[in-house]
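Visitor: I am new to this structure and would like a close look at a single part of it. Could you pick a helix end, show me what comes there, and then walk me outward to the rest?

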Amino acid sequence: MSGPSKFVSPFHRPHCLATAAPAGKAKLTHPGKAILAGGIAGGIEICITFPTEYVKTQLQLDEKANPPRYRGIGDCVKQTVQGHGVKGLYRGLSSLVYGSIPKAAVRFGVFEFLSNKMRDEAGKLDSTRGLICGLGAGVAEAVLVVCPMETVKVKFIHDQSSANPKYRGFVHGVREIVRTQGLWGTYQGLTATVLKQGSNQAIRFYVMTSLRNWYKGDNPNKAINPVITGMFGAIAGAASVFGNTPLDVIKTRMQGLEAHKYKSTVDCAVKIMKHEGPAAFYKGTIPRLGRVCLDVAIVFVIYEEVVKVLNIVWKTE
């Protein structure tokens, strides 16, 4: 007679439970690491992509109300190189280098700080909360860094198109702007900048969070190849371009040398619509699309890779 069969309780199945268990809690990025990694990423990125930013800004400043100076992207590049050499495409770079490092540092630092507070028990950040954290990061970088930096950059680029440029360099330009217009002179277009940066980062981090969650599935710590990160970043960048280029055009006009023509952000938008039509709100879209896709892809790739290195040499857990 065979022995009694062994009864296995359905509540005592360690193997099955281990298989069904989640992959573990997602690892959080310390805000300090995010600030350092973001600053490094921002500095490298702007040195690579600045010529496209220069062309975009020139096309946005080239108003239809006057005879247009440029017939398109190629003509803008051609005229700039003929008049100032290749280095002319890098006029205003110094102001962006000085600003891009703290801008990206603030952006990623604030985003990680906010997202660490808003993640669920498993450490996962859903796309809606990613959008909120991105919005907070965008507003913070707009107020602390982007508005004064962009104002100086736009004035530098606009100054070059005049017959007798008056700014000899970054330090001299900032000194002249503050001397003639006061500190507030570096905060022209603040409302438009906050709207632009807030929506920019809200869209980008929403898309990045959604794509990352989709790719990782049930494993929050699944590694993402840098190429995949770059592709996700390019998609996020493209989404932000189509989502807020009109705000970027308004911001650029509010920060140019002829900003005195506009009473406010709303007045600027009304005058552009009245005198130039709706198409003017999408001036510079193509060069901006190329730059931003490359920009966001590079920044996210470098950021993620630097964080990986910092996790090895800087223990915060």
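Guide: Happily! Let us start at Gly217, the residue that follows helix H7 and has a positive phi, near 60°. Please keep in mind as we go that this is a predicted model.

Now step back from Gly217 into the helix before it. H7 covers residues 190-216, which makes 27 residues. From its first C-alpha to its last, H7 reaches 38 Å, close to the 39 Å expected at 1.5 Å a residue.

Leu190 belongs to this helix too. How open is Leu190 to its surroundings? Its relative accessible area is 24%, and because buried means under 20% and exposed means over 50%, Leu190 counts as partly exposed. Setting aside residues up to four places away in sequence, Leu190 touches Cys147 and Trp184. You can also use Leu190 as a ruler: Asp126 is 64 residues from it in sequence, and the two C-alpha atoms are 30 Å apart in space.

From here, let us visit helix H5, which spans residues 127-160 and holds His158. With a relative accessible area of 12%, His158 falls under the 20% limit, so it is buried. Which residues does His158 meet, once its neighbours within four places in sequence are left aside? They are Leu61, Gly256, Leu257 and Glu258. Leu61 brings us to helix H2, which runs over residues 31-61.

Leu36 lies in that same helix, H2. At 41% relative accessibility, Leu36 is partly exposed. Its C-alpha atom is separated by 17 Å from that of Leu114, although the two are 78 residues apart along the chain.

Leu114 takes us to helix H4, made of residues 93-118, where Phe113 also lies. Phe113 has a relative accessible area of 46%, and is therefore partly exposed. Compare its position with Arg91: these residues are 22 apart along the chain, and their C-alpha atoms are separated by 35 Å.

With those stops in mind, we can look at the whole chain. How many helices and strands does it have? The secondary structure comes to 10 helices and zero strands, so the pattern read along the sequence is simply α-α-α-α-α-α-α-α-α-α. Taken along the principal axes, the C-alpha atoms fill a box of roughly 105 × 40 × 35 Å.

The chain has 317 residues, and 46% of them count as buried. Among contacts with a separation of 6 or more, 78% are accounted for by residues 24 or more positions apart. On the outside, the accessible surface comes to about 15,800 Å², and 65% of that belongs to carbon and sulfur atoms. As for charge, the chain has 40 positive and 22 negative charges, and their mean positions are 1 Å apart.

Finally, a record offers a way to divide the chain. UniProt, in an unreviewed entry, lists "repeat: Solcar" for residues 29-117, 128-214 and 224-309. Of these, the span 224-309 is 78% helix and 0% strand, and its end C-alpha atoms lie 15 Å apart. Our starting point, Gly217, comes just after H7, and that is a good place to return to when you explore the model on your own.

Conventions. Residues numbered from 1 in each chain as written. Predicted model: local features only at pLDDT ≥ 70, side-chain atom pairs only at ≥ 80, totals over all residues. Heavy atoms only, no water. UniProt positions renumbered as here; feature names shortened; annotations may be inferred. Helix = DSSP H or I, 4+ residues; strand = E, 2+ residues; numbered from the N terminus. Buried < 20%, exposed > 50% of the residue type's maximum accessible area, 1.4 Å probe, protein only. Contact = heavy atoms within 4.5 Å. Areas by Shrake-Rupley, 256 points an atom, 1.4 Å probe, with all protein chains shown as cover. Lys, Arg positive; Asp, Glu negative; His and termini not counted. Charge placed at Lys NZ, Arg CZ, Asp CG, Glu CD. Expected span 1.5 Å × (residues − 1).
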